[in-house]
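Subject: Structure handover and notes

Dear colleague,

I am passing on the structure we talked about, together with my notes on it. Please have the sequence and the coordinates open while you read.

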Amino acid sequence: MEKNLGHYIFRRALQALPLFFGISILTFLIVYLSPIDPVIAYFGADVVLQMPEEDVAKVKQELGLDEPVYMQYFLWLKRVCQGDLGFSRTKHRPVLDVIVDRFPATLLLTVTGYSISVILGIIIGVLSAAKEGSLFDRLSLTLNYILYSTPSFLIALMAILIFVVWLGWLPPCRMTSVTVETSSLLFSMIDRIKHLVLPALVLGMSHLAIYATYIRSGMLESLHKDYIITARAKGLHEWTITHKHAFRNALLPFITQLGLSIPWLISGSVVIETIFAWPGIGRLAYDAALRADYTVLMGLTLFTGTLVIFGNLLADIAYAIVDPRVKYD
Amino acid sequence: MIKFKSVEMKREGYSTAKKHKQIFVSLALLLFFVFIAAFAPYLAKYDPVEARLSEAEQPPSVTHPFGTDYLGRDVFSRVVYGARVSLLVGVIAAVVAVWIGTSIGLIAGYYGGYLDNILMRIVDTVYSLPALILLIVIMSMFERSIESIVIAIGLTHWMSTARLIRSEALSLKNRPFVEATVALGARESYIMLRHIFPNIIYIAIVSVTLMTAHSILTESMLSFLGLGIPPHESSWGNMLTDAQRDIMFGIWWTTFFPGLMIVLTVLSITFLGDGLRDILDPRRESMVRL
């Protein structure tokens, strides 16, 4: 059994390899096809214009820009594998350093938002499936449709209007207050949480509808299975039936769903981080796009793509561990 | 065959009637928005781009039912004109996305083999990249225009359709009526157009409808971020570019009304798509994975 699982993980990881190649090719193509001269993308127009002709030629040779396309790709891939994602001309630092610096903030925001949407989504989904057709069920379905149709930036703006401008409960943006450096540990903790609440809630809200609907339909499907009838025939309590028998089985496909929603989460964090001036990779992507910093955009594409592949891999492995019916071959 | 169909209809009669009502209501609402877009010049009292600084930032009143923005432009007139761009971009981008998806899915499903393998790995690859990151990259490389938005949305939203069409084409290929046509010596293009395509067109129709809702959301998001529709055109998303600053001063009407229009339009299109899907293609779930 254990050996089989290890084998399965290995095979599944092998399947992910072509995806890595695919993403690297796509990232390379984006910049290769972009209208910007690669030397300028690397150093910035102001620097290149001041460079002597020979230096530009030398740089071109070093970057392998005189080689045919496929050689350029392999040279680039080699540099990427060595951890060299290029140099950001707007941040004046290596791209990898910038991304690594910014990533923890995004992780904090997305994990908090994710947890909120998953927990609330499960609760709402289970409750509305358990009472199918009830007022609560119909209300939550309607609300889900409205949430699904509302762009996340609109939820964010309305939340800012209500909780920041009208009520004045929460700070509007950034991760910490300006004064936080000089204050005590407890105060800075509270300050951080206050700054986190609004963006995390908004990020969670935009996924809540999808999760609740997914759990609801999964629950309804498993509530009509034979083993539920058996459980009813045994005279089990309705609570035990819905929450132990049906829920566990509805949760299984949800694990895959969780892995699949990582791209949405990153897309969402671009919008939320931009609105709340949250110093994560989403905000970084937005800034880089406005200033046409292609090395950063390229690095982010590669980084987020890798993140998604890993996420899906983990979800599949988790599924295989939880569900004993998965065949390992 | 006909008898079989009628029995099925009877069994699903109740829910079908309910779905017809859903389609009817959402279609009526949608036609209302199309009407607004079509007759914009007659409905709007003010020029949507003309600035009147003396009337800036007025709350909703009788003369300005939706208030005015920071340049004194009438929000109602801008919302009415914005319907044109938003609906147009939504529909065209959806058609482009579904057209790409249908072509790729059809080729992959029908021809199979290596081609199928390569095309599906491309689908997986594009799926692994967060759509907004990809959109930002594409938009930052092109001039900001309506055409580039349509192309960018089309290039990032074709994968779900491609997967659906592929699996349908794959199963159709092995049905007796297709095999019979092959045995009769029909050309591949004939089989594709006469036998495969008519049987998958319903997937494309449902996809276009649901994708239109998605494109409108995406366009508004890009325009809000300042990476979408150029500033001189007015779309609902574009009206929200300055929304964040307005909100901080408590000026809610410049955000609320265009936002409401987006929500109502997307809601009615999603309802329509869901209703159509339940009738045409009951196996699919729309809200999960678009």
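What follows goes from chain A as a whole to its helix H5, then to the nonpolar cores, and finally to a few single residues.

Please keep in mind throughout that this is a predicted model. The secondary structure of chain A amounts to 14 helices and 2 strands, and 48% of its 329 residues count as buried. Among the contacts in chain A with a separation of 6 or more, 74% are made by residues that stand 24 or more positions apart. The accessible surface of this chain is about 16900 Å², and carbon and sulfur atoms account for 66% of that area.

Helix H5 of chain A, which covers residues 69-81, has 13 residues and spans 18 Å from its first C-alpha to its last, close to the 18 Å expected at 1.5 Å a residue. Its buried residues are Gln72(A), Tyr73(A), Trp76(A), Leu77(A), Arg79(A) and Val80(A). When one looks down the axis of H5(A), these buried residues fall within an arc of 160°, and they therefore line one face of the helix. The face turned away from that buried side carries Tyr70(A), Lys78(A) and Cys81(A), which are exposed. After H5(A) comes Gly83(A), with a positive phi near 85°.

Trp76(A) appears again in the largest nonpolar core, which has 122 residues; together with Phe153(A), Ile275(A), Phe276(A), Val79(B) and Trp158(B), it touches the most other members. The element that gives the most to this core is helix H4 of chain B (residues 75-111), with 11 residues. Within chain A, both domain 1 (26-94) and domain 2 (95-322) give residues to the core, so it lies between them. Another core, of 17 residues, lies apart from it, and Val118(A), Ala129(A), Phe247(A) and Phe254(A) are among its members.

Turning to single residues, Ala277(A) has a positive phi of about 50° although it is not a glycine. This residue sits in the loop that runs between helix H12 (262-275) and helix H13 (281-290) of chain A. Is Ala277(A) buried or exposed? Because the cut-off for buried is under 20% relative accessible area, Ala277(A), at 19% relative accessibility, counts as buried.

Val308(A), in helix H14 of chain A (residues 294-322), is buried with a relative accessible area of 1%. Leaving aside neighbours within four places in sequence, Val308(A) is in contact with Ile262(A), Pro263(A) and Ile266(A), and also with Ser128(B) and Pro130(B). Its C-alpha atom is separated by 10.0 Å from that of Trp264(A), although the two residues are 44 residues apart along the chain.

Ser152(A), found in helix H8 of chain A (residues 152-166), is buried at 9% relative accessibility. With neighbours within four places in sequence again left aside, its contacts are Val202(A), Ser206(A), Val271(A), Ile272(A) and, from the other chain, Met221(B).

In chain B, His214(B) has its place in helix H10 (residues 188-224), and at 22% relative accessibility it counts as partly exposed. The C-alpha atoms of His214(B) and Ile153(B) are separated by 9.5 Å, while the two residues are 61 residues apart along the chain.

With best regards

Definitions and conventions. Residues are numbered from 1 along each chain as its sequence is written. Chains are lettered from A and ligands numbered from 1 in the order in which they are written. This is a predicted model: local features need pLDDT of at least 70, side-chain atom pairs count only at pLDDT 80 or more; totals for chains, interfaces and linings use all residues. Side-chain values use heavy atoms; hydrogens and water are left out. Helices (H or I, at least four residues) and strands (E, at least two) are DSSP runs, numbered from the N terminus. The expected span of a helix is 1.5 Å times one less than its number of residues. Buried means under 20% relative accessible area, exposed over 50%, partly exposed in between (1.4 Å probe, protein chains only). The arc is that of the directions from the helix axis to the C-beta atoms. A nonpolar core is a set of buried Ala, Val, Leu, Ile, Met, Phe, Trp, Tyr and Cys residues joined through side-chain atoms within 4.5 Å. Domain bounds come from an automatic or database domain assignment. Contact means heavy atoms within 4.5 Å. Accessible areas come from the Shrake-Rupley method with a 1.4 Å probe; for residues, only the protein chains shown count as cover.
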